[in-house]
Amino acid sequence: MSSVPSAPDVLSTDVDVVSLHAVAERLGYPLTRVHQLIRDGQLVAMRRERELVIPEAFLTRGAVVKGLPGTITLLRDNGYTEDEILEWLFTPDDTLPGTPIDALRGDRGREVKRRAQAMAL
């Protein structure tokens, strides 16, 4: 079994995170399925205090935020690394307003994806 890819902790310490075990519980999946979601690029994990975690903002009640996996794929296809993806999702953008992850959570995924497509490196 391959290891689970992770980014360094590039986010502010005030960004709430959830352990992979907690993610599995919240989604109703076995831990191995959460690992597969990360390997498949549907989620981005990072290491905080030597533990693999996911930003809590990536989850809603029992699901991954709608549009997040597609946005991650668009950014990765544009050459972004995991840590750059995390930074982009959590960087405030006055034109949205808020952060791209806030916009995704607010059902404004079309605008977020349009920006991700336009940001080819």
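**Figure 1. Overall dimensions of the predicted chain.** The radius of gyration is taken over C-alpha atoms, and the rule for a globule is 2.2 Å times the number of residues to the power 0.38. By this rule a compact globule of 121 residues would have a radius of gyration near 14 Å, and the chain agrees because its own value is 14 Å. The structure shown is a predicted model. Its C-alpha trace extends over about 40 × 30 × 25 Å along the principal axes.

**Figure 2. Order of the secondary structure elements.** The chain contains six helices and five strands. Followed along the sequence, these elements give the pattern β-α-α-β-β-β-β-α-α-α-α.

**Figure 3. The segment annotated in UniProt.** An unreviewed UniProt entry lists residues 3-59 as "domain: DNA-binding protein Rv2175c wHTH". Within residues 3-59, helix accounts for 30% and strand for 21%. The C-alpha atoms at the two ends of this segment are 22 Å apart.

**Figure 4. Burial and contacts within the chain.** Of the 121 residues in the chain, 41% are buried. Among contacts with a separation of 6 or more, 65% are made by residues 24 or more positions apart.

**Figure 5. Accessible surface and charged side chains.** The chain has an accessible surface of about 6,700 Å². Carbon and sulfur atoms contribute 47% of that surface. Charged groups comprise 15 positive and 18 negative side chains. The centre of the positive set lies 7 Å from the centre of the negative set.

Notes:
Residues numbered from 1 in each chain as written. Predicted model: local features only at pLDDT ≥ 70, side-chain atom pairs only at ≥ 80, totals over all residues. Heavy atoms only, no water. Helix = DSSP H or I, 4+ residues; strand = E, 2+ residues; numbered from the N terminus. Buried < 20%, exposed > 50% of the residue type's maximum accessible area, 1.4 Å probe, protein only. Contact = heavy atoms within 4.5 Å. Areas by Shrake-Rupley, 256 points an atom, 1.4 Å probe, with all protein chains shown as cover. Lys, Arg positive; Asp, Glu negative; His and termini not counted. Charge placed at Lys NZ, Arg CZ, Asp CG, Glu CD. UniProt positions renumbered as here; feature names shortened; annotations may be inferred.
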